Amino acid sequence: MSSLVTWSEEYSLHYSPIDEQHKQLLDLLNILYSIDNGGTVEEPLSNIVFRLVVFTETHFAYEERLLDLVGFPNLRKHRAYHDSMKLKTRKVVKSYTKEHALNKKEVLFFLRDWWINHILKEDKKYEPLLFSHGLAIS
Ligand SMILES: [Fe+2]
Ligand SMILES: [Fe+2]
């Protein structure tokens, strides 16, 4: 079974702490993809979606702090994208715990599109600042 999202160089911001966090998030998407395609996992789905909330929120907090430190001019807008994603991710988890059911396909496509778009279109915008501050290495 192929993975939904395979990490590739085009996603890299050339700063390993950020790349590692993005990889963790994409790994979770692949776990959900695998479940959606009949795969089984040892742990309860509730743990996986909880991990999704933790990874999402800690990554955003880390990234926003970093963007503040490097003086990213569009931080407000970037934070607003993150805030809407935080709300949506929490809603997913809430509906799961309430209804004991998760529309995995819907969640999966939403998450995939959001993360891929966000990394490629929005996160990429701060990459030049990582290079100019000597953080990113090509
Ligand atoms: Fe971001
Ligand atoms: Fe990010």
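## A walk through a five-helix chain

Set aside the neighbours within four places in sequence, and His118 is left in contact with Tyr81 and Asp123. That makes His118 a handy place to step into this model, which is predicted. His118 belongs to helix H4, and its C-alpha atom sits 9.3 Å from that of His82, a residue 36 places away along the chain. Is His118 buried or exposed? Neither quite fits: His118 counts as partly exposed because it has 17 C-beta neighbours inside 10 Å, where 20 or more would be needed to call a residue buried.

Stay in H4 for a moment. The helix covers residues 104–122, and Trp114 is found there too. Trp114 has 15 C-beta neighbours inside 10 Å, so it also goes down as partly exposed. Its C-alpha atom is separated by 8.2 Å from that of Met85, with the two positions 29 residues apart along the chain. A word on confidence while we're here: H4 is where confidence in the chain is lowest, at a mean of 82, whereas helix H5 (residues 127–132) has the highest, at 98. Where pLDDT is low, the predicted coordinates should not be read in detail. For the chain, the average pLDDT is 87, and 88% of the residues score at least 70.

Now for the overall layout. The chain has five helices and zero strands, so reading from the N terminus you simply get α-α-α-α-α. Of the 138 residues in the chain, 14% are buried. As for how the contacts are spread along the sequence, take those between residues at least 6 apart: 75% of them join residues at least 24 apart.

Helix H2 is a good one to look at end to end. How far apart should the ends of a helix with 25 residues be? At 1.5 Å a residue, H2 (residues 45–69) should span 36 Å, and its end C-alpha atoms are indeed 36 Å apart, so the expectation and the model agree. Which residues of H2 are buried? They are Val49, Leu52, Thr56, Glu63 and Leu67. It helps to keep the helical repeat in mind when looking at that list: with 3.6 residues a turn, residues three or four places apart in an α-helix point the same way. After H2 comes Gly71, with a positive phi near 75°.

Ile48, also found in H2, has a different label from those buried residues: with 16 C-beta neighbours inside 10 Å, it counts as partly exposed. Leaving out neighbours within four places in sequence, Ile48 makes contact with Leu28, Ile31, Leu32 and Glu43. One of these, Leu32, lies 16 residues away along the chain, with 8.2 Å between the two C-alpha atoms. Leu28, Ile31 and Leu32 all fall in helix H1 (16–36), so these contacts tie H2 back to H1.

From the other direction, helix H3 (residues 75–99) meets H2 through Lys86. Not counting residues up to four places away in sequence, Lys86 touches Thr56, Glu57 and Phe60, and Thr56 is one of the buried residues of H2. Lys86 itself is partly exposed, because 15 other C-beta atoms lie within 10 Å. Measure from C-alpha to C-alpha and Lys86 is 7.6 Å from Val53 in space, though the two are 33 residues apart in sequence.

Last stop, back towards the N terminus: His14, in the segment before helix H1. What is the sign of its phi? Positive, at about 65°, although His14 is not a glycine. Most residues other than glycine have a negative phi, which is what makes this one worth a look. With 14 other C-beta atoms within 10 Å, His14 is partly exposed.

How values were computed: Residues are numbered from 1 along each chain as its sequence is written. Chains are lettered from A and ligands numbered from 1 in the order in which they are written. This is a predicted model: local features need pLDDT of at least 70, side-chain atom pairs count only at pLDDT 80 or more; totals for chains, interfaces and linings use all residues. Helices (H or I, at least four residues) and strands (E, at least two) are DSSP runs, numbered from the N terminus. The expected span of a helix is 1.5 Å times one less than its number of residues. A residue is buried if 20 or more other C-beta atoms lie within 10 Å of its own, exposed if 12 or fewer, and partly exposed in between; C-beta atoms are placed from the backbone. pLDDT is the predictor's confidence in each residue, from 0 to 100. Two residues are in contact if their C-beta atoms, placed from the backbone, lie within 7 Å.
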